Amino acid sequence: VTQTERRHNPTADSAFLAVTDGGEAQGVLDQIASALCDVVAQRVEYMDWIEGVEVVRTDPPPPADLREYDEILSKVPHQAVSVPVIVHALCEQVSLMAADDEEKAGQAGR
């Protein structure tokens with residue numbers, strides 16, 4: 001895993017990357033102070049943004065019928081499960097559900 005892949009906090013990363021060894025203690029302290037001011041400014045900006053966020057509550061979705069998906073994956077050994085196999089199972093499940101929806105819509109229109 002490379003250093004870039006390990007990063008998970010852009011704010012902390014930018015603060016730590018902003019401080020370089022300048023040789024003089026005062027120069028390093030100035031860089032640290034500047035980096036901390038940047039972090040505080042980003043936090044203030046975030047808090048301003050979060051004040052305007054409106055949380056919208058929705059009803060939970062009904063449980064999904066995953067029988068086809070489960071059936072396909074149950075026939076595949078765990079060692080052989082891969083992204084293409086999972087995508088295939090998902091596509092088959094969606095196709096089956098779409099066909100059921102079309103059938104229901106056709107019956108409702110009669």
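A salt bridge here is a side-chain nitrogen of Lys or Arg within 4 Å of a carboxyl oxygen of Asp or Glu. Keep that in mind for Glu 71 and Lys 75, whose side chains meet in just such a contact, at 3.3 Å from N to O. This is a predicted model, where local features need pLDDT of at least 70, side-chain atom pairs count only at pLDDT 80 or more, and totals for chains, interfaces and linings use all residues. Residues are numbered from 1 along each chain as its sequence is written, and side-chain values use heavy atoms, with hydrogens and water left out.

Let's start with the overall layout. The protein chain has five helices and zero strands, giving the pattern α-α-α-α-α along the sequence. Helices are DSSP runs of H or I with at least four residues, strands are runs of E with at least two, and both are numbered from the N terminus. Of the 110 residues in the chain, 8% are buried. Buried means under 20% relative accessible area, exposed means over 50%, and partly exposed is in between, using a 1.4 Å probe and protein chains only.

Back to the salt bridges, then. The structure holds two of them. Glu 71, from the pair already mentioned, sits in helix 4 and is partly exposed at 41% relative accessible area. Its partner Lys 75 is exposed, at 62%. Glu 71 is also 22 residues from Gln 93 in sequence, and their C-alpha atoms are 9.9 Å apart in space. The other salt bridge joins the side chains of Arg 67 and Asp 65, at 2.8 Å from N to O. Arg 67 is exposed, with a relative accessible area of 63%, while Asp 65 is partly exposed at 30%.

What about aromatic contacts? A search of the whole structure turns up one aromatic pair. The rings of Tyr 46 and Trp 49 have centres 5.9 Å apart and planes at 35°, so the pair is tilted. For the cut-offs, rings of Phe, Tyr and Trp (its six-membered ring) pair if their centres lie within 6.5 Å; planes under 30 degrees apart count as stacked, over 60 as edge-to-face and the rest as tilted. Why are Tyr 46 and Trp 49 about one helical turn apart? Because they are three residues apart in helix 3. Tyr 46 is partly exposed at 40%, and Trp 49 is exposed at 54%.

Both of those rings belong to a nonpolar surface patch, together with Met 47, Ile 50, Val 53 and Val 55; the patch has about 570 Å² of accessible area together. Patches are made of residues with over 30% relative accessible area and no salt bridge, with like charges joined within 9 Å and nonpolar side chains (Val, Leu, Ile, Met, Phe, Trp, Tyr) within 5 Å. The areas come from the Shrake-Rupley method with a 1.4 Å probe. Val 55 lies in the loop between helix 3 (25-51) and helix 4 (67-74), and it counts as exposed at 61% relative accessibility.

There is a charged patch to look at as well. Asp 100, Asp 101, Glu 102 and Glu 103 form a negative patch on the surface. For the charge labels, Lys and Arg count as positive and Asp and Glu as negative, while His and the chain ends are not counted. Asp 101 lies in helix 5, which covers residues 83-108, and is partly exposed, with a relative accessible area of 48%.

Definitions and conventions. The place of a charge is taken as NZ of Lys, CZ of Arg, CG of Asp or CD of Glu.
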